[in-house]
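Ready for some practice in reading a protein structure? Work through the exercises below with the model open beside you, and try each task before you read its solution.

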Amino acid sequence: MKKHQELPLFALFMLIQGIAIAQSFNSELIMERCKSGVVYIESGEGLGSGFLIHEEGWVVTNHHVVEERSGKDFAEFADGDRYRFTVHAYDEDIDLALLKLRSFSKVEAQPLPIFDKGLASTGADVAAIGNPRGLKFNITRGIISNEQLNGTPLPFWLQTDVAVNPGNSGGPLLDKNGQVVGVVTARFERQSLFDRDIQNMNFAANARGLIAFLEDAGVPYHTKPLILDSELLLGVRELTPEELAAQKDLELERIAMEKQKEQERIELEKQKDRERIELEKEKLRRQLLEAMELDQLDAEQQRELRKIDFSYQKRILEKQKAVELERLENQRIRARLAVEEEAYRLAQKEQLLKERRKSYYAGLPGRIGIRLGGGAHYYLGPLNSMDIGQHTGWVATAAINYRFDINSRDRGSALGVFARLGGYQDGTFSRLADHQEWPAATGETPHLFTEVEGGFLIREWLRLSYGKGIQHRTETDSAGSHHYHVATIGTAARLFRPVELVFNATGRFGQAYRQLSLAAELGLAFRFGIGKW
């Protein structure tokens with residue numbers, strides 16, 4: 001048996017020593033082994049490519065492919081399965097991004113290994129798999145034109161003449177062994193109509209930069225080639241009889257091994273068939289037991305049932321049950337993690353909305369306000385006397401306003417309605433009546449007047465208003481009233497939150513007022529707000 005095992009090794013040694021060997025770049029084999037690990041990516045308004053690097057759902061692509069995001073981003077495999085993803089890490093300088101597929105459980109997808117022996121050689125054959133212009137999962141072939149762009153700002157890129165178009169970005173650049181030697185990133189195009197055509201001047205992030213990026217992100221990846229060199233060997237001259245014999249022995253050994261594998265497969269199928277038959281027996285037995293009690297069976301049926309050994313089937317069922325429970329638990333964990341991730345995202349979104357709403361309300365000025373004030377009213381009309389005592393009266397004022405927003409960053413402006421109630425002493429009113437040619441005043445003080453105005457409050461400190469006034473007469477022999485126009489300009493200074501110091505300058509004119517009359521008012525305003533100020 002030992003000689004039989006040494007023969008293929010000796011024959012293989014003779015073949016390696018005696019045959020000139022060439023390694024062929026097999027694009028069809030690369031597509032067959034690597035296609036299941038490439039993805040089509042839609043993100044925002046753009047599309048691109050990417051590739052799986054590990055069974056846990058880690059995918060590499062370009063940063064510019066996923067820079068613009070929307071709520072409908074996905075990565076699609078060649079068999080049509082789609083997965084949502086999150087951006088785990090990115091590097092804008094090297095234009096790489098690392099994606100994590102959500103709830104990923106695709107065992108048939110092949111993670112692509114990364115070339116970890118430095119830089120791929122200039123002149124080496126390479127191929128790119130991607131989605132140019134949305135044509136999904138195409139392959140193009142070329143060589144590495146320059147393994148490293150030294151002397152440029154991009155030493156972590158390589159140059160290739162592989163055909164690259166929009167949609168190839170983020171896809172893998174693969175060598176003959178199916179290892180990723182670069183990530184397709186950009187192509188050089190002419191800048192204007194007057195430039196000469198530029199062809200096949202394309203660029204990719206090299207494997208050294210990719211590995212550094214992945215190690216910084218702390219994620220696992222594979223390096224074992226998907227295609228062995230022995231699968232690419234071609235003889236370039238005729239073999240001698242001895243070499244042919246050795247090759248024949250090697251082929252016989254290979255055929256024997258395949259037969260052994262086929263025999264093992266057949267035995268495994270037989271074992272599965274036996275297990276399936278036993279399970280069917282168990283099912284039949286349970287159906288019989290459910291249909292009737294054991295003591296109701298006849299003697300022949302009882303003997304047949306006693307021949308069946310159910311211990312082995314029970315162990316199989318328990319093992320299958322354990323596997324199924326483990327699968328369901330893993331599925332439940334993945335679903336819980338997905339729900340927790342979604343709940344966390346919704347909580348963040350809700351918190352952001354609350355903060356924005358709070359900020360919005362904080363910027364709104366108060367809508368409705370009431371002013372109550374009182375002060376001294378000094379009449380500045382065109383009288384000859386300047387006796388302050390005779391020209392001063394007490395005034396009570398009230399105002400209510402409704403304000404509208406001008407700019408939420410300040411207090412804005414507001415429409416206002418202002419009602420003023422006041423009164424003159426005898427001396428002041430007598431001089432006023434004499435000057436305005438009214439009948440002499442003979443009644444009791446105070447001589448009340450009422451004024452109602454409408455106007456604006458600008459930035460809460462400047463008032464401009466206009467309205468109507470009525471001077472009431474209290475004497476018994478000449479009862480009546482005098483109507484006139486009134487305009488006011490005023491200002492207010494905040495003393496503390498509910499109290500303001502108010503100064504108003506008022507002009508009275510028209511109708512009963514034959515000459516313009518001016519008045520000044522100083523008082524305190526107590527503000528009561530409905531809502532926030």
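**Exercise 1. Find the bridge partner of Glu76 in β6.**

Solution. In β6, Glu76 has Arg82 as its bridge partner. Keep in mind as you look that this is a predicted model. Now step back to the strands: β5 covers residues 74-76, and two bridges join β5 to β6. The two strands run antiparallel.

**Exercise 2. Place β6 in its sheet, and explain why one side of β6 is left without a neighbour.**

Solution. Start with the strand order. Seven strands form an open sheet, in the order β6-β5-β2-β3-β4-β8-β7, with antiparallel pairing. Next, look at the edges: β6 (82-83) and β7 (85-91) stand there, and each has a single partner strand, so one side of each is left without a neighbour in the sheet. As background, strands of a sheet pair through backbone hydrogen bonds, either parallel or antiparallel.

**Exercise 3. Work out which strands helix α4 lies across, and which core residues to look for.**

Solution. First, the helix: α4 lies across β3 (46-54), β4 (58-61), β7 and β8 (96-101). With β8, α4 makes an angle of about 50 degrees.

Second, the core. The largest nonpolar core has 49 residues, and Val60, Leu98, Leu210 and Leu214 have the most contacts inside it. Helix α4 (residues 207-217) gives the largest share of this core, five residues.

Third, zoom in on Leu210. Leaving aside residues up to four places away in sequence, Leu210 touches Phe51, Val60, Ile94, Leu96, Ile114, Val180 and Val183. Apart from the largest core lies another one, of 15 residues, including Val59, Val66, Phe77 and Leu99.

**Exercise 4. Trace the barrel and find the residue opposite Trp157.**

Solution. Follow the order β9-β10-β11-β14-β13-β12: these six strands close into a barrel, with antiparallel pairing. From one strand to the next, the twist averages 45 degrees. Helix α2 (residues 27-34) packs on the sheet, where α2 touches β9 (125-130), β10 (138-146) and β12 (172-174). The directions of α2 and β10 make about 115 degrees.

Now pick one pair of strands. β11 (residues 157-160) and β14 (residues 202-206) run antiparallel and are joined by four bridges. Here Trp157 stands opposite Ala205 in β14.

**Exercise 5. Compare three salt bridges: for each, decide whether the partners are buried, partly exposed or exposed.**

Solution. The whole structure holds 23 salt bridges; we take three.

- Lys117 and Asp116: their side chains meet at 3.8 Å, N to O. Lys117 has 61% relative accessibility, and exposed means over 50%, so Lys117 counts as exposed. Asp116, at 39%, is partly exposed.
- Asp125 and Arg141: this salt bridge spans 3.9 Å, N to O. Asp125 lies in β9 and Arg141 in β10, so the pair ties together parts that are 16 residues apart in sequence. Asp125 has a relative accessible area of 34% and Arg141 has 46%; Asp125 is partly exposed, and Arg141 is partly exposed too.
- Arg420 and Glu521: the closest N and O atoms are 3.1 Å apart. Arg420 lies in β18 (residues 413-424) and Glu521 in β23 (residues 513-530), so this pair ties together parts that are 101 residues apart in sequence. Both residues, Arg420 and Glu521, are buried.

One last step: look around that third pair. Salt bridges link Arg420, Glu451, Glu453, Arg463, Arg508 and Glu521 in a network.

Key: Residues are numbered from 1 along each chain as its sequence is written. This is a predicted model: local features need pLDDT of at least 70, side-chain atom pairs count only at pLDDT 80 or more; totals for chains, interfaces and linings use all residues. Side-chain values use heavy atoms; hydrogens and water are left out. Two strands pair if DSSP finds at least two bridges between them. Axes are lines fitted to C-alpha atoms, for helices over the stretch in contact, and angles run from 0 to 180 degrees between N-to-C directions. Contact means heavy atoms within 4.5 Å. A nonpolar core is a set of buried Ala, Val, Leu, Ile, Met, Phe, Trp, Tyr and Cys residues joined through side-chain atoms within 4.5 Å. Buried means under 20% relative accessible area, exposed over 50%, partly exposed in between (1.4 Å probe, protein chains only). A salt bridge is a side-chain nitrogen of Lys or Arg within 4 Å of a carboxyl oxygen of Asp or Glu.
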